[in-house]
Amino acid sequence: MPNKIFRSNTTGSKPLSRRTLLKAAATLPVAAAATRFSTPAIAQGAKTVKFTLPWLANGSNLYAYVAKNQGYFKKRGIDIAISRGFGSVAAAQAVGAGEFDYGLIFAGGTILGAARGLPLVAMGTLGYDSTMGMVVREDSPIKTPKDLEGKKIGTVPTSAEAPYWPAYVRKTGIDASGITMVQMDNRVIEQGVANKQVDAITAIATSSVPVMLAMKQPCRFLPWNAAGVSLYSGQMVTTRANLEKDKELSRAMTEALTEGLAFTLKDPEAAIDIFVKEVPEIAVTKGGRENAKISQAMMHYTVMSKEAMTHSIGYTDMAKAAEMVDLVMEFGAPKDAKKPDASTLFTNEFAGAVKLTPAEWDMVKKNIAEYAAILG
């Protein structure tokens, strides 16, 4: 699959740092969702629930704040406390250790946590691709995976995608012997490719592409999912003990979060206004709303999956889940890790509350076309 060209259409602003940009969130006009939600009977009085994001509050997770603001948790008897995360692996560890009751965690972090013995359960999928891949300058001669041979590639060893570079090499048949891998700081890696210190970088597109845009650097993206190297992104995760102790609370948490995502699809402009209200620093961050728009639109692109469109938002393809477990066990897990059973690690018991009509999906597709061209 050819990689796509993306040009920035913003003008005249000073480049922002990666750290600053990761504080932003995004929306893009999309269609209304037809949804119905059950309101389970939870014990009288609001129950305080601690919930962690996988990273900073940004465009890929603003729907959690929308759900809080719109009372989707409250109407289900939940007093939600949302905290920022420090990466999906750390978030999985925190949920597994009981520091948080629930978390929004990438599948890679959930699988790795389970492989290390954490009793985790993924109750709903809210993002269907973590957008792992390569970012290159628009004027780069790199057009296909083979073009990476003999080049200098920047990577952050602790980044979410880094462990799966060997999988991409194997899947695409790249001869990596002449490739120089350059370890870089996550705060400057995009500058490295923009300034031609390296020819390409491994990246999560939803994080790195907005940074490149803020730098006024046109870029292209080579998605690893084109080679079959893919992991689900945001999933609602808890422990087996929490699930067994109060299944209706787990259902309520999953549906409230999914209802928040549905709101952002129905009215993205209102959603970003809510997000700015809930996370005020977005409003005072230069370019915050624009960069939030980009990252949220990219997240919406990942929701446009066969799983969500054929079944419901939140539905997990169990065959894909099993393939992801295999991927993580081979490339991301320590040798002494124990392979988790995908059929118990993932469940569709709480899926089905949110469905969009074909016409609504058509509108979503139309509204995110610019970003689909990048991530394609």
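Start by selecting Phe51 and Tyr102: Phe51 stands opposite Tyr102, which belongs to β5. Keep in mind as you click around that this is a predicted model. Now widen the selection to residues 47-52 and 102-106, and you have strands β3 and β5, running parallel and joined by two bridges.

**The sheet around them**

Next, bring in the other strands. You should be looking at an open sheet of five strands in the order β4-β3-β5-β12-β6, with mixed pairing. Colour β4 (78-83) and β6 (120-125) to mark the edges; each has a single partner strand, so one side of each is left without a neighbour in the sheet. Turn the view to look across the strands: from one strand to the next, the twist averages 30°. As background for the pairing, strands of a sheet pair through backbone hydrogen bonds, either parallel or antiparallel.

**Two helices across the sheet**

Select residues 88-96 to show helix α3. This helix lies across β3, β5, β6 and β12 (234-239), and its direction is at about 150° to β5. Then add residues 107-115, helix α4, which lies across β5, β6 and β12 at about 110° to β5.

**Helix α10 and its cover**

Move on to residues 268-278, helix α10. Show side chains for Pro268, Ala271, Ile272, Ile274, Phe275 and Val276, which are buried. What is packed over them? Turn on α2 (63-69), α9 (247-266), α11 (281-284) and α12, which are among the elements covering the buried residues of α10.

**A stop at Thr206**

Find Thr206 in helix α7, residues 205-214. Is Thr206 buried or exposed? Its relative accessibility is 17%, so Thr206 counts as buried. Leaving aside residues up to four places away in sequence, Thr206 touches Thr131, Ser295, Met298 and Met299.

**The cavity**

Time to look inside. The structure holds one cavity of 30 Å³ or more, and the volume of the largest cavity is about 50 Å³. To see its walls, select Met123, Gly124, Thr254, Glu255, Thr258, Ile313, Gly314, Phe350, Ala351, Gly352, Ala353 and Val354. The elements giving two or more residues to this lining are β6, which you met at the sheet edge, and α9. Which of the elements gives the largest share? That is α9, with three residues. Colour the lining by class and you get six nonpolar, five polar and one charged residues.

**The second largest pocket**

For the next stop, centre the view on Tyr128, Asp129, Asn225, Ser230 and Lys320: of the 28 residues lining the second largest pocket, these lie nearest its centre. Two or more lining residues come from each of α5 (165-172), α12 (288-303), α13 (306-310) and α14 (318-331). Highlight α14 in particular, since the largest share of the lining, seven residues, comes from there. The space in this pocket is about 580 Å³. Colouring by class gives 12 nonpolar, six polar and 10 charged residues in the lining.

**Zooming out**

Finish with the whole chain on screen. You have 17 helices and 13 strands in view. Of the 376 residues, 54% count as buried. If you draw the contacts between residues at least 6 apart in sequence, 86% of them join residues at least 24 apart.

Technical notes: Residues are numbered from 1 along each chain as its sequence is written. This is a predicted model: local features need pLDDT of at least 70, side-chain atom pairs count only at pLDDT 80 or more; totals for chains, interfaces and linings use all residues. Side-chain values use heavy atoms; hydrogens and water are left out. On a 1 Å grid over the protein atoms alone, a cavity is a set of points where a 1.4 Å probe fits but cannot get out, and a pocket is an open set with protein on both sides within 12 Å along at least five of seven lines; lining residues have an atom within 4 Å of a point. Grid points are joined across faces, edges and corners, and a volume is the space filled by probe spheres set on the points. Helices (H or I, at least four residues) and strands (E, at least two) are DSSP runs, numbered from the N terminus. Ala, Val, Leu, Ile, Met, Phe, Trp, Tyr, Cys and Pro count as nonpolar, Asp, Glu, Lys and Arg as charged, and the others, Gly among them, as polar. Two strands pair if DSSP finds at least two bridges between them. Axes are lines fitted to C-alpha atoms, for helices over the stretch in contact, and angles run from 0 to 180 degrees between N-to-C directions. Contact means heavy atoms within 4.5 Å. Buried means under 20% relative accessible area, exposed over 50%, partly exposed in between (1.4 Å probe, protein chains only).
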